[in-house]
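This briefing goes through one protein model, topic by topic, for a reader at the bench. Please keep the sequence and the structure in view while reading.

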Amino acid sequence: MDIDRIIEKAGGADEIAALAGVGLEAVRKWRQSRMVPTKHWPALLRVPGIALQDLTADLTTTETPQEQERETDVSNPCPPGANAALVLADGTVLWGRGFGAHTDGAVGELCFSTGMTGYQETLTDPSFAGQIVTFTFPHIGNVGTNADDNEAPKMAALGAVVKEDITAPASWRSHEPLAAWLKQHNRAGISGVDTRAITRTLRDNGPQTAILAFPENGRIDTDSLLNRARQWPGLEGMDLAKEVTQPKRVWSEGVWETTRPARTENRRRVVAMDYGAKDNILRCLVTAGCDVTVLPATATAEEILELKPEGVFLSNGPGDPAATGTYAVPAIRTVLDANVPVFGICLGHQLLAQALGGKTYKLERGHRGANQPVKDVETGRVEITSQNHGFAVDEKSLPADVKVTHVSLFDGSNEGIASTTKDAFSVQYHPEASPGPSDSFYLFERFVAVMDRRAKAGA
């Protein structure tokens, strides 16, 4: 450990001495021995900026023979105070404290989310299937969990990575603590790690495969975990929509805000394709004026058109759009040929782009969080949006009859398209938010306006 840096992070020798309840002479001895006794670690871990790996790096301690024997066992190299590990495919090992359900290793793509609120909605967003979510906001779990904030029946993310230990819930809406909720969903989390360092790694080096281990027996073989992480094939070529889609159902619940009452007259029949749809998307459609029937991702064009929809909505979802597109794109093309209006978001945006003749690719750095700036090309208006995607539409591949409508102000990648010959448009971001801003709710109203116009023309 770099003892001088730890003292600096704590605010100086006087501050760290007061924090640990020792005298300055003890701090002097810490400098001399280049280590802090483990009994003082809990106090130091409460300091912002000090993580468990700061205290365990290059660890030198005076240990009992039993402790020394344990350290020679490669299957259990946990440093004192740690019982879980996050192992990246590049060889990085991050030790921490596990919470939730025990696991011998959940492997997937490690990503980060910049949202300051809505961790429960994030973890249940089906678009996070196959991914371990690192939260950049330090206070995760502080408002507990409740039945109303789930965006799907099951937690989709493989695990959660947080900096601070989970505290007792401090919200009247809480039904149970986050750790208990995770255990109920058979998912694990890890705290006490440097989430800022993880975020920098993902920012600079792109997506990383990782494995999160919180074994019940406390024995962690990092070499074995590393091998498992390196064998995982990655999200490219992976169709996850089939894993998260739900059976056919009718949805009638609108959004919760009383300031936005649902439209009750001239409601439009809409089929929503569930590639991993969040519940709040369906609420927004209902509030905007739609009677919604939800079909599973694998529904055929015949099954869609049999319901005589006035519009078809293409939902968000996880995985590689090219893989999902093998069965989804032919159905969407048939719907377009039938002259039915189409509106897509996220994965639905990418699938519509393919159906119109475009291609998709994997981003070097995905967009995840509730503060993503997007520019409307036609109006110049900037929207702050909620996003969760690791793939994007290749603008260069779009045919002449498809125009770009929105672009990301982070990296210039595509955020929206519209057909110039059909009533079909889509955006890469999440206009339904939850969590996040509601700047883009107008897109649901635009979709309904298209159906209204066509109904009036037909009348």
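E310 is buried, with a relative accessible area of 19%, and its side chain meets that of R268 in a salt bridge with an N to O distance of 3.3 Å. The model is a predicted one, and the points below take up its salt bridges, an enclosed helix, the positions annotated in UniProt and a nonpolar surface patch.

**Salt bridges**

- The pair of R268 and E310, with its 3.3 Å salt bridge, links distant parts of the chain, since R268 lies in strand 9 whereas E310 belongs to the loop between helix 13 (301–305) and strand 11, 42 residues apart.
- R268 is buried at a relative accessible area of 12%, and a network of salt bridges joins R268, R269, E310 and D452.
- The side chains of R249 and D274 form another salt bridge, at 3.4 Å from N to O, and this pair also links distant parts of the chain, with R249 in strand 8 and D274 in strand 9, 25 residues apart.
- Both partners of that bridge count as buried: R249 has a relative accessible area of 17%, and D274 has one of 0%.
- K163 and E164 meet through their side chains in a salt bridge of 3.3 Å, N to O, and K163 is buried with a relative accessible area of 15%.
- The count of salt bridges in the model comes to 20.

**Helix 12 and its surroundings**

- Helix 12 (residues 279–288) is largely enclosed by the rest of the structure, because ten of its ten residues are buried.
- The buried residues of helix 12 include N280, I281 and C284, and these three residues are also among the contacts of E432.
- The cover over the buried residues of helix 12 includes strand 8 (249–251), strand 9 (268–274), strand 10 (290–296), strand 11 (311–314), strand 12 and helix 16.
- Just after helix 12 comes G289, which takes a positive phi of about 120°.

**Residues annotated as active site**

- An unreviewed UniProt entry carries the annotation "active site" for C346, H430 and E432.
- These residues span 87 residues in sequence, yet no two of their C-alpha atoms are more than 11.2 Å apart, so they gather at one spot.
- Of these annotated residues, E432 is included in the lining of the largest pocket.
- C346 sits in the loop between strand 12 (342–345) and helix 15 (347–355), and its relative accessibility of 2% places C346 among the buried residues.
- Apart from residues up to four places away in sequence, C346 touches S127, N316, N388, H389, V427, Q428, Y429 and H430, so that one of its contacts, H430, shares the "active site" annotation with it.
- E432 lies in the loop between strand 17 (424–427) and helix 16 (442–458), and it is buried with a relative accessible area of 4%.
- When neighbours within four places in sequence are set aside, E432 is in contact with K278, N280, I281, C284, I345 and F444.

**Residues annotated as binding site**

- For "binding site", the unreviewed UniProt entry lists S127, G317, G319, L347, Q350, N388, G390 and F391.
- Although they span 265 residues in sequence, no two of their C-alpha atoms are more than 13.2 Å apart, so these residues gather at one spot.
- Two of the listed residues, S127 and N388, are also among the residues that C346 touches.
- L347 is found in helix 15 and is buried, with a relative accessible area of 1%.
- With residues up to four places away in sequence left out, L347 touches Y275, S315, N316, G317, P318, P321 and T324, and among these G317 is itself listed under "binding site".
- G390 belongs to strand 14 and is buried at a relative accessible area of 10%, and beyond residues up to four places away in sequence it touches K362, L363, G366 and R368.

**A nonpolar patch on the surface**

- V382, I384 and L409 form a nonpolar patch on the surface, and together they have about 230 Å² of accessible area.
- V382 lies in strand 14 (residues 382–394), the strand in which G390 is also found, but V382 counts as partly exposed at 41% relative accessibility, whereas G390 is buried.

Terms used:
Residues are numbered from 1 along each chain as its sequence is written. This is a predicted model: local features need pLDDT of at least 70, side-chain atom pairs count only at pLDDT 80 or more; totals for chains, interfaces and linings use all residues. Side-chain values use heavy atoms; hydrogens and water are left out. UniProt positions are given in the numbering used here, feature names are shortened, and annotations may be inferred rather than shown by experiment. On a 1 Å grid over the protein atoms alone, a cavity is a set of points where a 1.4 Å probe fits but cannot get out, and a pocket is an open set with protein on both sides within 12 Å along at least five of seven lines; lining residues have an atom within 4 Å of a point. Helices (H or I, at least four residues) and strands (E, at least two) are DSSP runs, numbered from the N terminus. Buried means under 20% relative accessible area, exposed over 50%, partly exposed in between (1.4 Å probe, protein chains only). Contact means heavy atoms within 4.5 Å. Patches are made of residues with over 30% relative accessible area and no salt bridge: like charges are joined within 9 Å, nonpolar side chains (Val, Leu, Ile, Met, Phe, Trp, Tyr) within 5 Å. Accessible areas come from the Shrake-Rupley method with a 1.4 Å probe; for residues, only the protein chains shown count as cover. A salt bridge is a side-chain nitrogen of Lys or Arg within 4 Å of a carboxyl oxygen of Asp or Glu.
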